[in-house]
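Work through the exercises below with the sequence and the model open. Each task is followed by a solution in steps.

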Amino acid sequence: MDFHKEKKEAVLKELNTTLNGLSKKEASERLEKYGANKLKETYKISILKTFLNQFKSFLVIILIIAAVISALIGEFIDGSIILAIVILNAILGLIQEYKAEKSIQALKKLEAAKARVIRGDIETEILAENLVPGDIVILEAGNKVPADCRLLEVTNFKVEESALTGESKAVSKMVETVDKDSLADQKNMVFSGTLVVRGKAKVVVVKTGMGTEIGKIASLVQEIKKEETPLQKKLNHVAKFLGVAVIAIALVVFLLGGLFGIKLIEIFLASISLAVAAVPEGLPAVVTISLAFGVKRMVSKNALMKKLSAVETLGTTQVICCDKTGTLTKNEMTVTDIYVNRHNVNVEKDKFLFKNIEYPSSKLDMLLRIAASCNNALLDGKIGDPTELALLAVAKKVGFTKEERIDEIPFEAENKYMATFHKDKLVFVKGAPEIILEKCKSINLEGRKMFLTGTERQNILEENERMARNALRVLGFAYSTTGKMEDLVFVGLMGMIDPPREGVKEALALCKRAGIKVVMITGDHKLTAMAIGRELGFTGKCVTGEELVKMSDEELREVSMFARVNPEHKVKILNAYKEIGVVAAMTGDGVNDAPALKRADIGIAMGITGTDVSKEAADMVLLDDNFTSIVNAVEEGRGIYDNIKKFVGYLISSNLGEVLVVFLAIILNFGLPLNAIQLLWMNLVTDGLPALALSEEPKEMSTMLRKPRSQKEKIITRNNLWRMLFIAAVMTAGTLFVFKLYGQTAAFTTLVLLQMFNVLNYKSEKSVLNSLFNNKWLILAILSSVVLQIAIIYTPVNSFFRVDPLSFVQWLVILGVSASVLVLEEIRKVFVSLE
């Protein structure tokens, strides 16, 4: 059936549904028949492909060829063991990359889209993937269309269809039939993946999943795109640089070893093995795992990161521009004050009190009718905006419910009002008091319509300011009986309390200590913003949207509270900071917040109240809409970056030690301190597990007591490099000392243990003694590596590795020398800070 060519009644008949929606039983049966409303994943993780990718390295290929040649010329055991270790390394690499890929895929599934449907004549919210043909869906501004649908009812409805048609301009929709077949011309249809930018509509689902238009287009099928984060790119650059340097050193080792009479195949294998072991090729995979695991920890703290790269940016955040309502406050509105008939009325439980005397509810009738009818929330199930839910709750106290609606002007941030049109030319309007007052010529006083004088206007505005000073969100209410917005009659004001969230004040203080500026942004009255701001600890003046457009960027950067702000004002505030290179985060929940969210270095959408459009534009979604979760995420982001620096430092300093040991031993004509098998084995037991375990290191106490790092900061700073060189020098001296004293087995074991002590160095730039046992995974990794090393010395495999059992005295010397790298680094930390 061509649904766009048929009348809505015929479409409903074809789909065997009604405006009351499907029953739960019918919906369940159809879900079984049609399948889930989702696109098939085109990306699959191939274990075989990932495994084979481990052998792409030029050095590894040379090593395999050399091992095969070695076996062919009689060194069969050496060649076989080298191949076995290369395969074990590849398996370890496969496990790391597979975990990283699975982690990224898991993150894609955390943010499940929802849809508002009517089933069994009850409006409810379900997962979008459970939609079926015949479902009746309610769409409004900010929603992402969850399936292909035919329009049944529309109110000022516009949809942005660029994802499908390429047309960036929003398209007005209608209910009437359309004869044209082009998607762009089907004005009575909406398609999966497109975005509602204005108005409201009731639609019926006609196609789901792969049957939708977007499901038919291969280029738009969902897929996981592998993109490198800026940090991974930096590390790849570091790895390539180290690779070139190590290959050059390996070449020198090979040439000098040959000159000094070392067996050619032996020195060739050792040189190639040194290069393979010393290049930290696993760094990008370890970084991906570290970032992915960090993102999982963030989810447990109610912050969902949509991109791994955003985790890096979080740690550099210098300014957080934050919406007040729902993020700094609870967004649990309760009407406490009413101004009507020139009277201040308090709302307490089921009573309305004027000067502590019960106020007749009949005198509130028109105000409460407007509150109930000019409203899109649903009290049953608490679906909708908390402000509207509060209005429904107070109207319900005296029995008012929604009246049948003919048309609607939806609330938009630019207009700051909403209007609904009803039978008998009745219009109900609510919005910002000053905006409503501007539109009114009359006032309703106890049922009598009277001219709204200048004095009366001033009294109402003063009452508005009184409520605002008490931290109340205030709305004005009006009506018209002519069907025209020009004939509005003012009725009264309602003030709602929205208390600050628990823990927000402490989180704001933590931001201050961490060198992060917080800017509060709200659409509320200036006095309301100031009252809440002062309670939370904000200082300085509060600026309105009208005032900020006249201010310079420099002046804007001095302000920490903004009121009566429109979405375009948010972009101006952001630009003031970005102009001077400040890393800024911005929160938002509405359709019109999308430009600011995209412009921000970290766009933060609200998971509960946020629209699909805002979530689409954001880098991060707050699952609980709580400011404290932003601060937790920033702290986690800093901790993740710190840990990445730790395992990068550990890997490079340890690998540098290995290179210098072999290089200097050859230069000094000491002979070969480590053979090829030992070098590869060392790479296997000291690189993977300890580095991964460092990524799980708990955050340090000082994480949020320092200023944000610069985005331009290199992963290996000058101080980091000096630290690596110092540690590598200690490791080299210790290993060569033991080599000259006891030979190759002792040198081999010393270098392994030196790296185990070195991993403890990188737990912190402060003394490690206070945090020695706070990471169980690191302790397990160290114990595993030590046990494996002991196993190859004291079991029959020792002949394959060309090692001999060590005496008790030798072990004492080895442990003493190995511990020196920790002891000397602890002394250095006391006297020379490299932070």
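**Exercise 1: a salt bridge between distant parts of the chain**

At 5% relative accessibility, aspartate 524 counts as buried, the cut-off for buried being under 20%. The model is a predicted one.

Task: Find which side chain meets aspartate 524 in a salt bridge, and decide whether that partner is buried or exposed.

Solution.
1. The partner is lysine 324, with N to O at 3.0 Å.
2. Lysine 324 has a relative accessible area of 3%, so this residue is buried.
3. Lysine 324 lies in helix α12, whereas aspartate 524 sits in the loop between β21 and α18; 200 residues separate the two.
4. This pair belongs to a structure that holds 38 salt bridges.

**Exercise 2: two further pairs**

Task: State where in the chain the partners of the glutamate 636–lysine 699 pair lie, then do likewise for glutamate 765 and arginine 828.

Solution.
1. In the salt bridge of glutamate 636 with lysine 699, the closest N and O atoms are 3.2 Å apart.
2. Glutamate 636 is in helix α24 and lysine 699 in the loop between α26 and α27, 63 residues apart.
3. Glutamate 636 is buried, at 3% relative accessible area, while lysine 699 is partly exposed, at 31%.
4. The side chains of glutamate 765 and arginine 828 meet at 2.8 Å, N to O.
5. Glutamate 765 belongs to the loop between α28 and α29, and arginine 828 to helix α31.
6. Glutamate 765 is buried at 14%, and arginine 828 is buried at 10%.
7. Through shared partners, salt bridges join Arg297, Lys301, Glu636, Glu696 and Lys699 into one network.

**Exercise 3: strand β3**

Task: Say which strands β3 is joined to and why β3 is described as largely enclosed.

Solution.
1. β1 and β3 run antiparallel and are joined by 3 bridges; isoleucine 118 has isoleucine 136 as its bridge partner in β3.
2. β3 and β7 also run antiparallel, with 5 bridges; here isoleucine 138 is partnered by lysine 202 of β7.
3. Of the 5 residues of β3 (136-140), 4 are buried, so the strand is largely enclosed by the rest of the structure.

**Exercise 4: the second largest pocket**

Task: Describe the lining of the second largest pocket by class and name the element that gives the largest share.

Solution.
1. The second largest pocket holds about 1,100 Å³ of space.
2. Its lining has 33 residues, and those closest to the centre are Glu123, Lys200, Leu378, Lys402 and Arg405.
3. The classes are 13 nonpolar, 6 polar and 14 charged residues.
4. The largest share, 4 residues, comes from β14.

Methods:
Residues are numbered from 1 along each chain as its sequence is written. This is a predicted model: local features need pLDDT of at least 70, side-chain atom pairs count only at pLDDT 80 or more; totals for chains, interfaces and linings use all residues. Side-chain values use heavy atoms; hydrogens and water are left out. On a 1 Å grid over the protein atoms alone, a cavity is a set of points where a 1.4 Å probe fits but cannot get out, and a pocket is an open set with protein on both sides within 12 Å along at least five of seven lines; lining residues have an atom within 4 Å of a point. Grid points are joined across faces, edges and corners, and a volume is the space filled by probe spheres set on the points. Ala, Val, Leu, Ile, Met, Phe, Trp, Tyr, Cys and Pro count as nonpolar, Asp, Glu, Lys and Arg as charged, and the others, Gly among them, as polar. Buried means under 20% relative accessible area, exposed over 50%, partly exposed in between (1.4 Å probe, protein chains only). Two strands pair if DSSP finds at least two bridges between them. A salt bridge is a side-chain nitrogen of Lys or Arg within 4 Å of a carboxyl oxygen of Asp or Glu.
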